[in-house]
Amino acid sequence: MEHYIVKGGTHLCGEVEIAGAKNAALAILAAAILTDEPVTIENVPDVSDIRVLAQAIESIGARVEHPGRHVYRIDGAGVHDLPVDNELIRKIRGSYYMIGALLGRYKHAEVALPGGCTIGLRPIDQHIKGFKALGAAVTFKPPGRVEATAKNLRGTHIYMDMVSVGATINVMLAACLAKGITVIENAAKEPHVVDLANFLNSMGARIKGAGTDVVRINGVERLHGTEYAIIPDQIEAGTFMFAAAATHGDVTVTNIIPKHMESISAKLKEIGCDVEESDDAIRVVATHRLMPNNVKTLPYPGFPTDMQPQATVLLGLSSGTSIVTEGIFESRFKYVDELTRMGARITVEGKTAIIDGVASYFGASLKAPDLRAGAALVIAALAADGISEIYDIHYIERGYEDFPEKLRGLGGEIVKVSTPEEGEQAVRRMQMSIVGGTGMTERGTA
Ligand code: EPU
């Protein structure tokens, strides 16, 4: 029953520190078992997907210590190749990195098929193609497990049929202990691919070209322990930048790498925001009505698919017609029905959303359909007139650390409640501070 209660209408203002990148941390935690020596990983975000992966790594015999909120120490010496499978691991996407890491280190992996957000079919054929090209036999075992086995892995040339973050990372994991050179063409260039390569290189791997579309991995005999800090989360930063714009606020995101934010900063400028960059921070100020724009999601350095719902929410408040096209996943507009219930005017045709901007949204009772869409609905609620309730927040907690707390630090009125009674009390408190009613729709409980 945990849910958020949000009162909209406050301009978010102030500074917010961005956590480590979830999607880099998932790959790097899995990569830690490629060595028998201890590995210390810092700046790991405290989010549920990471906790689940850490538990899975522990369940196969690795020693996992968590000496600080954002620090993990992993010692893979005790790993044995038991199947990686529990109820939780099936829910997270990052579980598939255990296939590449176990195959690379032990030449055998048996892992439950990955879950993750329901944003399309999400096949793993390119991962399998890569493992097979390296010399592994791959079989699917009921109920929903993948087994990959090899006598030896040997370097090879792989051309990815589409740009895939997961497949690029998984092949890198399997190939760094293979014999000879592996070349991945049409590789993903996302910052977390580069971060994984830097991490593996700090363990003694020889990887070149990460961040370009050709990654070259020179296999080595063994990897050693290391200490490493994860890069900041591009999508968490982007989410706060868009929240600033939607609420006509003035927010500085700190502890970021501005270079990673270029497509997001550029879009905000086109929509009419002031965006100021410094070495490790970006300030977004929105004073005027937002202008309409078109967005197409693309692999990095294009506009990220993980910012698509936030972009739709923002453009829904602009002064004209905008088009948002999803270029990565086949179904990532499930949240539009919820947004429509807040007064948004959006039509979805296939992979395209046609958005007619409205002056404001109104509060509603909403359900987060997935991680990023959930965060986008929180932004909509913060920008709306009245009070909203947002359910299924476990999706949001998969990838955003202290989301309500950070928003409150910027002046946002959002609380997390655990019971219907707590929810009613929070709604009443917020209602008392609104002159002229709640703005809730019929699904609201107030
Ligand atoms: N694809 C295939 N076959 C494959 C692999 C991918 O057809 O073997 C397709 C996918 O269905 C999709 C496209 O290729 O249409 C790109 O998928 P990709 O493999 O790049 O995505 P992913 O590895 O499953 C990661 C992130 C996602 C993020 C995407 C795109 C993790 C754990 N997940 O997913 O993050 O949206 O890359 O950048 O790193 C999120 O954090 O909310 C999230 C969904």
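**The ligand site, helix α11 and strand β22**

Let me begin with a single contact, in which a polar side-chain atom of Lys-22 lies 3.0 Å from an oxygen atom of the ligand. I should say at once that what we are looking at is a predicted model, and I will try to describe it with that in mind. Beside that contact we can place another, since a polar side-chain atom of Asn-23 lies 3.1 Å from an oxygen atom of the ligand, and there is also one that involves the main chain, where a backbone N or O atom of Ile-328 is found 2.6 Å from a ligand oxygen atom. How much of the ligand's accessible area does the protein cover? On its own the ligand has 830 Å² of accessible area, and the protein covers 91% of that.

If we now step back to the whole shell, we find that 25 residues surround the ligand, and that the closest are Tyr-96, Gln-126, Ser-164, Asp-306 and Ile-328. Sorted by class, this shell is made of 12 nonpolar, 6 polar and 7 charged residues. Several helices take part in it, because at least two shell residues come from each of α1 (22–31), α4 (125–133), α5 (165–175) and α11 (371–383).

I would like to stay with α11 for a moment. Is this helix enclosed or open? Buried here means under 20% relative accessible area, and 13 of the 13 residues of α11 are buried, so the helix is largely enclosed by the rest of the structure. We can also check its length, because at 1.5 Å a residue its 13 residues should span 18 Å, and the end C-alpha atoms are 19 Å apart, which agrees. At the N-terminal end of α11 the cap is Asp-370, which has a side-chain oxygen 3.2 Å from the backbone nitrogen of Arg-372.

From the helix I move on to strand β22, residues 387–391, which is mostly covered, with 5 of its 5 residues buried. Ile-387, Glu-389 and Tyr-391 point one way from the strand, while Ser-388 and Ile-390 point the other way, and all are buried.

Which strands, then, are joined to β22? Strand β1, residues 3–7, is joined to β22 by 4 bridges, and these two run antiparallel, with Ile-5 standing opposite Glu-389. Strand β21, residues 365–367, is joined to β22 by 3 bridges, and here the two run parallel, with Leu-366 having Ile-390 as its bridge partner.

How values were computed. Residues numbered from 1 in each chain as written. Predicted model: local features only at pLDDT ≥ 70, side-chain atom pairs only at ≥ 80, totals over all residues. Heavy atoms only, no water. Near = heavy atom within 4 Å. Polar contact = N/O pair within 3.5 Å; in protein donor to acceptor, adjacent residues only side chain to side chain. Areas by Shrake-Rupley, 256 points an atom, 1.4 Å probe, with all protein chains shown as cover. Nonpolar A, V, L, I, M, F, W, Y, C, P; charged D, E, K, R; others polar. Expected span 1.5 Å × (residues − 1). Buried < 20%, exposed > 50% of the residue type's maximum accessible area, 1.4 Å probe, protein only. Pairing = 2+ DSSP bridges.
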